Amino acid sequence: MARHPEVVAGLIAHEPPAVNVLSDGDAARDFFDEVAEAYARGGAPAAGRLFAQTVRGEGTYLWPEDLWKRFLGNGDHLFGREWPGFAVFLPDEVALSAAPFPIVLGAGSADRGTYYARPSIEIARRIGVPWVEFPGIHMEFLPRPAGFAAAVRVLATQMWTRGGEVPEGWLG
């Protein structure tokens, strides 16, 4: 988005992994280090268990088998390579504030108060953009894809039309 804003029509950031925007002393900021320590001690299975225990709704629905296999196969990459980046990530508030396209942040209704939902509220406040509540849990698109897709579609349409302009091709 910051490097190539000309190819972005809009940004919907659903529960971005940005715990470092939370206040100093917020226990959620230590969680990423705890998962990294679990990975160092017991590898991807240990880190994955710890992470999954904190995500509301996990274990209440089945993942498609092919997705589950890919996730298990990517555990070392996720926790060994991507996770350290999440642990230090701070969004570029200057670039976000200057974006030439609409930005909306949001979180799932079932995720109120969680470490992975609260950063979206703080980022939206800091950069002065709307915040929305999506239906359900962090990965609502797995157990209820149609409902989640409908919410995203409505939001994307509202963003794309920039406040009610009807897109070309919709009028006679």
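Which residue just after α5 takes a positive phi? That residue is Gly128, and its phi is about 70°. The model discussed here is predicted.

## Overall layout

The protein chain has 172 residues, and 36% of them count as buried. It holds 6 helices and 3 strands. Along the sequence, these elements follow the pattern β-α-α-α-α-β-α-β-α. Taken along the principal axes, the C-alpha atoms fill a box of roughly 60 × 35 × 30 Å. Consider contacts between residues at least 6 apart in sequence: 75% of these join residues at least 24 apart.

## Helix α5 and Ser120

Helix α5 ends just before the positive phi of Gly128. Its buried residues are Pro119, Ser120, Glu122, Ile123, Ala124 and Ile127. What covers them includes α4 (93-97), β2 and β3.

Ser120 is one of these buried residues in α5. Its relative accessible area is 0%, so Ser120 falls under the 20% cut-off for buried. The side chain of Ser120 makes a polar contact with the side chain of Trp131, at 2.9 Å. Trp131 is also among the residues in contact with Ser120 once neighbours within four places in sequence are left aside. The others on that list are Pro16, Leu105, Gly106 and Ala107.

## Aromatic pairs

A pair of aromatic rings is described by the distance of the centres and the angle of the planes. How many aromatic pairs does the structure hold? The count is 14.

One of them joins Phe32 and Tyr115. Their centres are 6.4 Å apart, the planes meet at 85°, and the pair is edge-to-face. This pair links distant parts of the chain. Phe32 sits in helix α1 (residues 28-54), while Tyr115 sits in the loop between β2 (103-108) and α5 (118-127). The two residues are 83 residues apart. Both Phe32 and Tyr115 are buried.

A second example is Phe134 with Phe148. The ring centres lie 5.6 Å apart and the planes stand at 35°. That angle is neither under 30 degrees nor over 60, so the pair is tilted. This pair, too, links distant parts of the chain. Phe134 is in strand β3 (residues 131-134) and Phe148 is in helix α6 (residues 145-160), 14 residues apart.

Phe32 and Tyr115 also belong to one aromatic cluster. Its other members are Phe31, Phe51, Phe79, Trp83, Phe86 and Tyr116.

## Around Phe134

Is Phe134 buried or exposed? Phe134 counts as buried because its relative accessibility is 3%, under the 20% cut-off. Its ring partner Phe148 is buried as well, with a relative accessible area of 11%.

Phe134 lies in strand β3. Not counting residues up to four places away in sequence, Phe134 touches Ile12, His14, Gly106, Ala107, Gly108, Ser109, Phe148, Ala151, Val152 and Leu155. Val152 is 18 residues from Phe134 along the chain, and their C-alpha atoms are separated by 8.1 Å.

Gly106 and Ala107 appear on this list. They are also in contact with Ser120.

## Pockets

The two largest pockets are set out below.

| Pocket | Volume | Residues nearest the centre |
|---|---|---|
| Largest | about 860 Å³ | Phe51, Trp63, Phe71, Leu78, Phe79 |
| Second largest | about 260 Å³ | Met1, Phe89, Pro91, Asp92, Leu96 |

The largest pocket is lined by 37 residues. The elements that give two or more residues to this lining are α1, α2 (65-73) and α3 (75-88). By type, the lining divides into 26 nonpolar, 7 polar and 4 charged residues. Phe51 and Phe79, among the residues closest to the centre of this pocket, are also members of the aromatic cluster.

The second largest pocket is lined by 14 residues. Here β1 (11-14), β2 and α5 are the elements that give two or more residues to the lining. Which types make up this lining? The residues divide into 12 nonpolar, no polar and 2 charged. Helix α5 therefore has two roles in this account: its buried residues include Ser120, and α5 gives two or more residues to the lining of the second largest pocket.

Definitions and conventions:
Residues are numbered from 1 along each chain as its sequence is written. This is a predicted model: local features need pLDDT of at least 70, side-chain atom pairs count only at pLDDT 80 or more; totals for chains, interfaces and linings use all residues. Side-chain values use heavy atoms; hydrogens and water are left out. Rings of Phe, Tyr and Trp (its six-membered ring) pair if their centres lie within 6.5 Å; planes under 30 degrees apart count as stacked, over 60 as edge-to-face and the rest as tilted. Helices (H or I, at least four residues) and strands (E, at least two) are DSSP runs, numbered from the N terminus. Buried means under 20% relative accessible area, exposed over 50%, partly exposed in between (1.4 Å probe, protein chains only). A polar contact is a pair of N or O atoms within 3.5 Å; within protein, one must be able to donate a hydrogen and the other to accept it, and residues adjacent in sequence count only if both atoms are side-chain atoms. Contact means heavy atoms within 4.5 Å. On a 1 Å grid over the protein atoms alone, a cavity is a set of points where a 1.4 Å probe fits but cannot get out, and a pocket is an open set with protein on both sides within 12 Å along at least five of seven lines; lining residues have an atom within 4 Å of a point. Grid points are joined across faces, edges and corners, and a volume is the space filled by probe spheres set on the points. Ala, Val, Leu, Ile, Met, Phe, Trp, Tyr, Cys and Pro count as nonpolar, Asp, Glu, Lys and Arg as charged, and the others, Gly among them, as polar.
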